[in-house]
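This report addresses strand pairing, enclosed space and selected residues of one protein chain. The sequence and the structure are shown first.

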Amino acid sequence: MRKKMMAGLLVFGLSVSLLWGCGKPAQNEETPISGTEAEAEESSNETAEGNSGTTEEGTQTGEITLPLTEEPITLTVFAAMDSNLTGIINDYNENGFFEELEKRTGVHLEFVIPAAGNEKEAYNLMIASGELTDIITHNGYSYPEGWDAAVDDGYYLDLTPYLDTCLPDYNRVRTSDPLMEKSTVTDKGRVVGLHILYTETQGPWMGMQIRKDWLDELGMDIPVTYDDLEKVLIAFKEQKNAYAPLSLGTKGTMETSHALSAGYGVMETFQQVDGKVQYGPMEEGWKEYLTMLNKWYKEGLIDPDFMTNGGWQVDTGMVLNGETGVWNAMYTMISQYEADGTMEVVPMTSPVKQEGDALHIRRENGFVGNAVAISADCEYPEIALKLWNYLYSEEGSLLANYGVEGDTFNYVDGKPQVSDKITANEDYSMSQAQALYLMPPSRFGGLYDWTRELASVPEKDIKAFDIWGAADDSYIIPARISYTSEESAERAKIVAEVTTYMEENSVKFITGVLDIETGWDTYVEELKNLGIERTIEITQAALDRFEER
């Protein structure tokens with residue numbers, strides 16, 4: 001029998017059984033968060049500071065003393081394996097951070113790791129079975145009806161009553177900035193997930209890159225408009241023999257950055273313009289975008305096998321083999337492409353229709369990331385909460401981001417800096433070393449100091465933030481808007497069908513299997529038949545509620 005049929009009983013039982021662990025919890029009045037919205041950039045590194053000290057009983061972080069338990073206990077954790085660790089380890093207990101975390105806290109973590117590529121399916125099966133791990137991470141999968149529903153259905157623990165007792169460090173950081181605060185609560189005013197919270201805002205870390213050495217050889221400038229880019233692609237094909245002058249991505253879009261379609265004012269999902277929600281692939285700009293790509297496809301200017309080559313960023317082999325000249329990738333990849341000294345790569349701003357056009361779409365700023373939830377059936381909920389709270393304390397976040405002093409980091413001018421064990425490891429790349437010896441940043445929550453990776457990034461590559469940041473992200477819908485359980489259920493079904501239909505037809509329009517001039521109206525009408533207008537309505541309501549928090 002599904003847990004949601006017993007949700008009332010479970011929630012009542014939990015409200016009684018959890019009281020002993022953290023002292024009497026505060027009343028959850030579900031009061032909406034007040035305060036004006038602020039720019040995430042106003043967050044300062046003060047959020048990383050804690051009130052740590054020592055007592056006769058052990059180390060104290062904030063209001064919580066380590067170790068967390070006198071007798072060793074085990075908590076189970078559902079977590080996908082970081083791709084950087086593929087072929088290196090099979091269990092996070094072989095990761096240096098988790099080994100040290102167990103020593104300090106006295107808590108052993110038993111990881112349930114789904115097969116690569118099947119994380120979402122494994123998560124859904126776990127939910128359907130009703131047998132959840134104590135701790136659940138989220139990365140590309142989540143409770144289908146939303147965070148509030150996960151609590152109401154008896155799956156996830158409502159953390160709101162325990163913010164002051166078990167989660168003092170998390171709550172301190174979370175409430176340090178108005179935008180961060182309202183991005184970490186649900187529509188009902190609950191705190192359900194323990195989100196990754198950035199020590200400082202991270203700008204757009206992904207966008208378009210181009211072979212600058214090829215441009216120099218051809219006497220060409222970095223393209224500004226789509227017409228400029230077309231001329232460059234023609235030259236790359238004819239004079240540099242590029243198999244794929246432009247690497248596009250499997251779905252005809254530059255996922256994650258939305259960089260190629262940005263100049264048409266559209267992206268491959270929902271967006272908002274002046275507070276009004278739109279579905280990008282139904283807008284006229286999407287038709288213009290696909291029309292251009294169809295022309296380029298016919299002329300051999302984009303990867304003829306884009307449907308199978310690459311994904312959210314370019315296939316590295318295509319870059320290193322000189323098969324492509326323009327692509328979508330993270331800023332940290334530039335130095336890797338240039339490692340053998342055979343090429344020069346630079347970031348480029350998204351092209352526009354007319355020089356001077358404003359750009360309102362790019363990779364959004366990062367300040368709140370994926371969240372960790374605690375199962376409503378967790379046997380030791382107070383230990384789980386205190387354990388994760390440690391990752392937001394000064395001591396715990398230092399361990400998570402930098403590891404152990406003298407081993408994976410040293411202080412330089414009073415600031416921690418990762419050592420050569422991370423930046424110049426003989427066996428692993430920096431990304432692999434970070435994932436192996438430190439806490440993998442996108443999986444486990446905590447206070448995240450993303451600037452640690454800058455130690456190995458050349459200054460010229462860091463300028464990518466400024467180049468891609470020349471655009472604003474005002475068309476991006478905040479990632480942390482939330483839906484009611486009814487909205488989530490209705491919306492999820494429609495979005496799944498709409499997305500499949502949109503992606504299939506976008507590829508057909510690009511390759512010419514469907515003629516866009518004769519087929520566009522039919523495509524739009526079918527999107528409406530599938531319920532896209534209702535989905536826009538639901539998304540609009542959620543956006544409005546978010547803005548009013």
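In this predicted model, Gln271 stands opposite Gln278 in strand 11. The two residues belong to an antiparallel pairing, in which strand 10 (residues 270-273) and strand 11 (residues 276-279) are joined over 4 bridges. The hairpin formed by strand 10 and strand 11 has 2 residues between the strands, and Asp274 takes a positive phi there, near 55°.

A second region of pairing is an open sheet of 6 strands, with the order 5-4-6-14-7-17 and mixed pairing. Its edges are held by strand 5 (107-112) and strand 17 (447-448); each has a single partner strand, so one side of each is left without a neighbour in the sheet. Strand 17 runs parallel to strand 7, and 2 bridges join them. Within this pairing, Tyr198 has Tyr448 of strand 17 as its bridge partner. In general, the strands of a sheet pair through backbone hydrogen bonds, in either the parallel or the antiparallel sense.

Strand 7 also takes part in enclosing space. The second largest pocket has a volume of about 880 Å³. Its lining comprises 30 residues, of which Leu398, Tyr402, Lys415, Pro416 and Asp449 are the closest to the centre. Strand 7 (194-202), helix 14 (394-402), strand 15 (409-412) and strand 16 (415-418) each supply at least two residues of this lining. Which element gives the largest share of the lining of the second largest pocket? That share, 7 residues, comes from helix 14.

The model also holds 3 cavities of 30 Å³ or more. In the largest cavity there is about 100 Å³ of space. Of the 15 residues that line the largest cavity, those closest to its centre are Gly207, Ala259, Ser350, Arg362 and Trp468. Strand 8 (residues 206-211) gives the largest share of the lining of this cavity, with 3 residues. The composition of the two linings is set out by class below.

| Lining | Nonpolar | Polar | Charged |
|---|---|---|---|
| Second largest pocket | 13 residues | 8 residues | 9 residues |
| Largest cavity | 9 residues | 4 residues | 2 residues |

Two individual residues illustrate burial. Thr160 lies in the loop between helix 5 (147-152) and helix 6 (168-174). Is Thr160 buried or exposed? Thr160 counts as buried because its relative accessibility of 17% is under the 20% cut-off. The side chain of Thr160 reaches the backbone nitrogen of Val191 at 2.9 Å. Val345, by contrast, is placed in a strand, namely strand 13 (residues 345-348). With a relative accessible area of 0%, Val345 is buried. Val345 and Val319 are 26 residues apart along the chain, and their C-alpha atoms are separated by 10.0 Å.

The final element considered is a helix. Helix 19 (residues 485-511) has 27 residues and reaches 39 Å from its first C-alpha to its last, close to the 39 Å expected at 1.5 Å a residue. After helix 19 comes Gly512, whose phi is positive, near 90°. A positive phi is thus reported at two places: at Asp274 in the hairpin of strand 10 and strand 11, and at Gly512 following helix 19.

Technical notes:
Residues are numbered from 1 along each chain as its sequence is written. This is a predicted model: local features need pLDDT of at least 70, side-chain atom pairs count only at pLDDT 80 or more; totals for chains, interfaces and linings use all residues. Side-chain values use heavy atoms; hydrogens and water are left out. On a 1 Å grid over the protein atoms alone, a cavity is a set of points where a 1.4 Å probe fits but cannot get out, and a pocket is an open set with protein on both sides within 12 Å along at least five of seven lines; lining residues have an atom within 4 Å of a point. Grid points are joined across faces, edges and corners, and a volume is the space filled by probe spheres set on the points. Ala, Val, Leu, Ile, Met, Phe, Trp, Tyr, Cys and Pro count as nonpolar, Asp, Glu, Lys and Arg as charged, and the others, Gly among them, as polar. Two strands pair if DSSP finds at least two bridges between them. Buried means under 20% relative accessible area, exposed over 50%, partly exposed in between (1.4 Å probe, protein chains only). A polar contact is a pair of N or O atoms within 3.5 Å; within protein, one must be able to donate a hydrogen and the other to accept it, and residues adjacent in sequence count only if both atoms are side-chain atoms. The expected span of a helix is 1.5 Å times one less than its number of residues.
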